[in-house]
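Q: I am new to this structure and would like to learn how to read its features one at a time. Could you show it to me and begin with a term I will need?

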Amino acid sequence: MRYRFLLAAAAMAGLVLGGPALAQDKKKLAFVVNASSDFWKLAEAGVKKAQGELPNYQLQFRYPAQGTAAAQNSLMDDLVTSGVAAIMISSADPKNSIDAFNRIAAQVPLFTTDSDAPDSKRIAYLGSSNTDAGVQAGEEMVKAMAGKPGKCMGFVGFLGADNAKERIAGFKKAIAGKGIELVDVRGDDVDFTKARTNVDDVLVAKPEINCMVGFYSYNPPKIYEALQAAGKLGKITVVAFDEDPVTLGAVKQGAFAATVVQQPFEWGYQGMKLMAKYLEGDKSGVPKDKLIIVPTKVINKANVESFEADLKAKLASAR
């Protein structure tokens, strides 16, 4: 009897000790964003879905302390030190992060999303074609202006980030020769107060502006706030990016012509699955050009309600 008791006790001890050991055996994968923003909630939901399908991995979704390259690089160093096996990151400042990215890439597989760093030794980029998204936004502006001459002002977070530069270039390409000019683009370094101030200043200093573009997710809501406060909502044509609730409400209301949305849920979901396969030796998911493009979509008054319903379902699945 005592012998059986000892066997049972030993078995229980093995289970208890085995629990942490098994947890430690799980490889860690990290998704690092460029700044704290509601935009990333969908990507976080995608990572959570992937976690349910990757029981042998521990997935992490991390925000840097600040929306700077230095804060991102410090976070990646900490992740590598803690034993993370692979990282996917949206670069806040690709040009000034090459050395840091290469240092990380020499230690663990590094992938980019949202904002690429093509000159680094990252394995691949998974995300939108920001140039194509910019073209879509420009085409929507051309439709909305309906032949009327336009002087547009753009607003964005990081002027130096590839995603910003590519969206701006795509927008300019689409409006070329259409009687519409992108007069300037104001950056705010993901400072929400500055983002609003930028719009307020333009409304006062440049009364000739009759169209606006919000290139980052929080820019359109700040445009909406400023136009509403100035009594110019609906009088200035606006094309947006991403799916902030204020932006979608403005599209539904008719105050914004359209918004170009990405699929950050898929970045989180597909990104984690891609890294897991890569670590397991399956590199078939990485194309020769190292670009995995998740298409962007145009949301207007005709499809905004169905898009909102799908959005709510995805966010609810992450709770």
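A: A residue counts as buried when its relative accessible area is under 20%, as exposed when over 50%, and as partly exposed in between, with a 1.4 Å probe and protein chains only. By that rule, 51% of the 319 residues of the protein count as buried. Please keep in mind that this is a predicted model, in which local features need pLDDT of at least 70 and side-chain atom pairs count only at pLDDT 80 or more, while totals for chains, interfaces and linings use all residues. Residues are numbered from 1 along each chain as its sequence is written, and side-chain values use heavy atoms, with hydrogens and water left out.

Q: How many helices and strands does the protein have?

A: Helices (H or I, at least four residues) and strands (E, at least two) are DSSP runs, numbered from the N terminus. The protein has 11 helices and 12 strands, and its C-alpha trace spans about 90 × 40 × 35 Å along the principal axes.

Q: In what order do the strands of the open sheet lie?

A: Two strands pair if DSSP finds at least two bridges between them. Here 6 strands form an open sheet in the order S2-S1-S3-S4-S5-S11, with parallel pairing. Its edge strands, each pairing on one side only, are S2 (57-62) and S11 (291-293).

Q: What can be said about S4 within this sheet?

A: S4 pairs with S3 in the parallel sense over 3 bridges, and Ile89 stands opposite Thr112 in S4. With S5 (residues 125-127), S4 is joined by 2 bridges, and the two strands run parallel; Thr112 stands opposite Tyr125 in S5. Both faces of S4 are covered, since Leu110 and Thr112 on one side and Phe111 and Thr113 on the other are all buried.

Q: Why do the buried residues of H4 lie on the same side of the helix?

A: An α-helix has 3.6 residues a turn, so residues three or four places apart point the same way. In H4 (residues 98-105), the buried residues are Ile98, Ala100, Phe101 and Ile104. They cover an arc of only 165° around the axis, which puts them on the same side of H4; the arc is that of the directions from the helix axis to the C-beta atoms. Contact means heavy atoms within 4.5 Å, and the buried residues of H4 pack against H3 (69-81), S3 (84-89) and S4 (110-113).

Q: Which residues of H9 are buried, and what do they pack against?

A: In H9 (residues 245-253), the buried residues are Thr247, Leu248, Ala250 and Val251. Seen down the axis, they fall within an arc of 160°, so they line one face of H9. They pack against H8 (219-230), S9 (237-241), S10 (258-261), S12 (297-299) and H11 (304-317).

Q: At what angle do H2 and H10 pack?

A: Axes are lines fitted to C-alpha atoms, for helices over the stretch in contact, and angles run from 0 to 180 degrees between N-to-C directions. H2 (residues 41-53) and H10 (residues 264-279) pack at an angle of about 35°, with their axes 6 Å apart. Among the residues that meet are Leu42, Val47 and Glu53 in H2, and Phe265, Tyr269 and Met272 in H10.
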